[in-house]
Structures are given as structure tokens and as C-alpha cells.
Amino acid sequence: MLDRNPIPLFPLPVVVFPDQIVPLHIFEPRYKQMLADVRAADERGEILPIGMILGEDREVQGEVGCAMLLAKVLDEFDDGRLNIIGRGGRRFRIARIAEDKPYLEAWVEYVDDAEEPTDPVLLAKAVAALEKLVGQLEEVTGMRAEVGSLQNAFQIAQVTGLDLEVRQQLLEMTTENGRLHALCEYFEQMIPLLEAEGKLHRLSSSNGHTGSHK
């Protein structure tokens, strides 16, 4: 069922997941107005989410996005610019877009997962593969990353450098086990590539020498 009222759309070349913390710097006049409308709704006791959708400028490239709630205004400048923190909420599918305001609005239908228990073996496999991938990245780049406690596919995807296309595909999937399976397949493709890159990195670091010479 379509939501009765439209929500503002914010096309950006990013994909936001449910429960993801999203820092944003708001500086364009149209999005200053958007935030003013969101805050005015809050003052009236209403919740007006911002529809984060893959795209750019006024071009919408995705059909499914994530309704972000304004969590906190960090900084508010004299010229109206804002630093804010948002939090990803429910996913939505766009039904119709309106262009009457400076920013886009859309009537949306919210998307929920099909009911099924999460496969704990699949979850553990995805987390283990991610930890291996992170270890390989650390070996290649020298940068250490903390994985932390991960409970679902969206949390795993947030700490992974996935392409936008892959992130969008995960966002559109309606089963948790399907997302976990897709992540496992992705990691299975990436791990051998990083293993090969790690070997090249070690050879380069040793100046091409694999053993000691007396």
C-alpha cells in the first residue's frame, strides 16, 4: 500500500542501509529547505523521513531506497548550512515522483523482508569470510580495521567496500538469507584476488627475493 503522504527525496551516489548512521553536510539551497521542512514537521509532532535514493542531482537511478530519519543536528551555520546525523530506517520503493518543490518528493511503498529465520551457519560463514577479507586488506594496505560484532547482512555490508551496484542489489533483496548468500559469493570472488595481491605485495617488499643468500 502506498504511503498517504509524499516524502522528500535525496538522490546521492551512495546506498544507505537500515540502521546505518549517515553524516551529511547540507549546503545546497534546495536541501536546506528540505531540512527546514523536516524540522518543521518534527516541531508539529510529525515524523518526515528523508528518502535516500541512489542518484545524483535530480536524477533518480534506483527504485528502492532507505527512509532516513534525522537523528541530530551537529552544527548550524549563519548561512543555513548544516552538519547532521541521520539514521537509516525502513526501505521503500518509489511509485511516483513529484517535482513541485525545489527538491524532489515521492509517494512510496515501504518494503519489508519475507518472514524466515536467519540461517546461523550462513551468518557465521559471511562474518568469517569478511574477517578473512579484512585481514588480507590489512596485509596489502597496512591499515587495520575493526570488524566488531555483526548481527546481519546489512551490518556486514556497511563495513565492506562494496560497489554501489552490489549495495543496491542487497538493499532490494527481501530475505536476510538471500543477502547473506550474496555476500558469501562476493567474498569468495574477492578473497583469491586479494591473496594474489598480497603475494605481489610481499614480493615487492622483499625486492623480488624469496629467500636469504649467503
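This is a walk through a predicted model, from its strands to its pockets and then to a few side-chain contacts.

Let us start with strand 7, which spans residues 105-111. This strand is mostly covered, with five of its seven residues counted as buried. It has strand 6, residues 82-98, as an antiparallel partner, and seven bridges join the two. If you would like one position to look at in that pairing, find R91, which stands opposite V111 of strand 7. Between strand 6 and strand 7 there are six residues, and the two strands form a hairpin.

Strand 7 also pairs with strand 1, residues 7-12. Here, too, the strands run antiparallel, and two bridges join them. One place to see this is P8, whose bridge partner in strand 7 is E105.

Strand 6 and strand 7 can be revisited through their side chains. R96 lies over the face of W107, at 4.0 Å from the ring centre. Another contact of this kind involves R81 and F77: the charged end of R81 sits over the F77 ring, 4.3 Å from its centre.

What about contacts between rings? The structure holds three aromatic pairs. One of them is formed by F10 and Y31, which are stacked, with 4.1 Å from centre to centre and 25 degrees between the planes. Because F10 lies in strand 1 and Y31 in helix 1, this pair ties together parts that are 21 residues apart in sequence. Are these rings buried or exposed? F10 has 5% relative accessibility, so it counts as buried. Y31 is buried as well, with a relative accessible area of 5%. Buried here means under 20% relative accessible area, which is why both values qualify.

Now for the empty space. The largest pocket holds about 280 Å³ of space. Its lining is made up of 17 residues, and those nearest the pocket centre are N5, P6, E46, I47 and L48. Which elements contribute to this lining? Strand 1, helix 1 (29-43) and strand 7 each supply at least two residues. Helix 1 gives the most, with three. In terms of chemistry, the lining of the largest pocket has 10 nonpolar residues, six charged ones and one polar one.

The second largest pocket has a volume of about 180 Å³. Among the residues that line it are V38, R39, D42 and E43, together with M68, L69, L70 and V73. Helix 1 appears again here, since helix 1 and strand 5 (64-76) each supply at least two lining residues. By class, this lining has eight nonpolar and four charged residues, with no polar residue. E46, I47 and L48 deserve a second look: they lie nearest the centre of the largest pocket, along with N5 and P6, and they also line the second largest pocket.

Let us finish in helix 5, residues 176-205, where H181 is found. Where does H181 stand on the scale of exposure? H181 is partly exposed, with a relative accessible area of 44%. That label follows because exposed means over 50% and buried means under 20%, with partly exposed in between. In sequence, H181 and K125 are 56 residues apart. In space, they are 9.2 Å apart, C-alpha to C-alpha.

Note on methods
Residues numbered from 1 in each chain as written. Predicted model: local features only at pLDDT ≥ 70, side-chain atom pairs only at ≥ 80, totals over all residues. Heavy atoms only, no water. Buried < 20%, exposed > 50% of the residue type's maximum accessible area, 1.4 Å probe, protein only. Helix = DSSP H or I, 4+ residues; strand = E, 2+ residues; numbered from the N terminus. Pairing = 2+ DSSP bridges. 1 Å grid on protein atoms, 1.4 Å probe; cavity = no way out; pocket = protein on both sides within 12 Å on 5 of 7 lines; lining within 4 Å. Points joined across faces, edges and corners; volume = space filled by probe spheres on them. Nonpolar A, V, L, I, M, F, W, Y, C, P; charged D, E, K, R; others polar. Phe/Tyr/Trp six-rings, centres within 6.5 Å; stacked < 30°, edge-to-face > 60°. Lys NZ or Arg CZ within 6 Å of the ring centre and 35° of its normal.
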